[in-house]
Amino acid sequence: MKIIQSFWTRPFLQSPNLQDSRMNGGWPARKYNYFSWALSCLQLCRYYSNVELVTDDLGKFILIEKLKLPYTNVNTDLNRINNYNAGLWALGKIYAYSLQESPFLHVDSDIFIWNAFDDRIVKAPLTAQNKEHQSLDYTQTFNEICRKFPYVPDYLKELEGRQYVFCSNAGILGGTDIGFFKAYTNEIFRFIDENNDCIEENIVNMNSAYLNVIYEQVIFSQFAQKTNKEITFLFPYDIDIPKYIGFFHEADRNAGFVHCLGTYKQNRQVYRTLEMKMKTLYPDYYHLILELIDSSEL
């Protein structure tokens with residue numbers, strides 16, 4: 001199976017007036033964002049021979065020309081989506097999914113693996129990290145979308161008013177059912193395009209992080225249900241984010257898998273351990289990153 005990662009630079013290198021800024025990928029400083037990209041890529045390359053980057057011209061300049069990360073293929077088609085609002089940061093992933101013509105697994109750049117994924121994951125028609133069934137935050141944003149957006153498909157609209165809006169965490173997302181991913185990504189771009197004016201008017205005042213969760217993760221779960229597709233989860237028995245998933249020292253309890261999502265990135269123990277891992281496991285890349293930052297090349 002092909003592993004892909006995606007880097008749409010527009011949301012990550014701008015600081016729009018949003019509740020959820022993607023500057024530095026959510027890390028407290030640029031160097032940790034680059035450490036994260038490097039460690040994630042290098043660990044994936046330990047276990048997989050085909051690791052592809054989907055990015056834009058600037059992303060290629062940063063990750064390939066400057067950081068020299070060893071992706072086996074680089075695609076710059078994310079140049080095509082620069083007309084979209086920078087607050088829609090998950091669209092880079094969505095467009096990357098849409099480009100795939102063979103089985104794939106997308107892995108976020110804040111994920112670090114210490115063993116290969118098992119066959120249950122790589123051979124599944126649809127796979128995701130885990131279920132998310134207990135977030136009231138998503139529900140509030142979802143109900144706001146239902147009130148304000150002119151286009152909400154029926155399979156989403158039926159969730160309005162429920163206590164929880166279920167979704168699939170997309171830390172990893174992919175599968176062998178390419179036809180589903182073509183239809184799923186078409187659904188998302190229709191949702192964004194038909195609501196574009198409303199998004200432009202409201203995105204500054206709404207939680208853009210949860211808006212991205214709705215169109216990527218909630219639509220994934222609900223569209224799979226609508227089309228009678230089963231999702232295989234890396235963590236099938238968790239009904240929310242697995243405990244301690246963002247701590248490196250807890251990797252063994254989480255299937256050799258670390259995902260520094262959300263507030264984990266601001267935890268001093270986490271970002272200092274990330275730096276230590278880079279320094280000990282990949283010293284050449286570690287020193288390169290520091291040199292590039294010190295010389296203002298990054």
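Three worked exercises on a predicted model follow.

Local features need pLDDT of at least 70 and side-chain atom pairs pLDDT 80 or more, while totals for chains, interfaces and linings use all residues. Residues are numbered from 1 along each chain as its sequence is written, and side-chain values use heavy atoms, without hydrogens or water.

**Exercise 1.** Place Y282 and state which residues it contacts.

*Solution.*
- Y282 sits in the loop between α11 (268–281) and α12 (283–294). Helices are DSSP runs of H or I, at least four residues, numbered from the N terminus.
- Y282 counts as buried, at 10% relative accessibility. Buried means under 20% relative accessible area (1.4 Å probe, protein chains only).
- Contact means heavy atoms within 4.5 Å. Beyond neighbours within four places in sequence, Y282 contacts L39, L42, Q43, R46 and K277.

**Exercise 2.** Classify the F35–Y286 aromatic pair and say what it ties together.

*Solution.*
- Rings of Phe, Tyr and Trp (its six-membered ring) pair with centres within 6.5 Å; planes under 30 degrees apart are stacked, over 60 edge-to-face, the rest tilted.
- The count comes to 26 aromatic pairs. F35 and Y286 are stacked: 5.3 Å centre to centre, 20° between the planes.
- F35 lies in helix α2 (residues 30–47) and Y286 in helix α12, so the pair ties together parts 251 residues apart in sequence.
- F35 is buried at 0% relative accessible area; Y286 is buried at 7%.

**Exercise 3.** Do the same for F180 and F223.

*Solution.*
- This pair is tilted: 5.6 Å centre to centre, 40° between the planes.
- F180 is in helix α8 (residues 178–194) and F223 in helix α10 (residues 208–226), 43 residues apart.
- Both belong to one aromatic cluster, whose members include Y97, F104 and Y155.

Technical notes
Helix = DSSP H or I, 4+ residues; strand = E, 2+ residues; numbered from the N terminus. Buried < 20%, exposed > 50% of the residue type's maximum accessible area, 1.4 Å probe, protein only.
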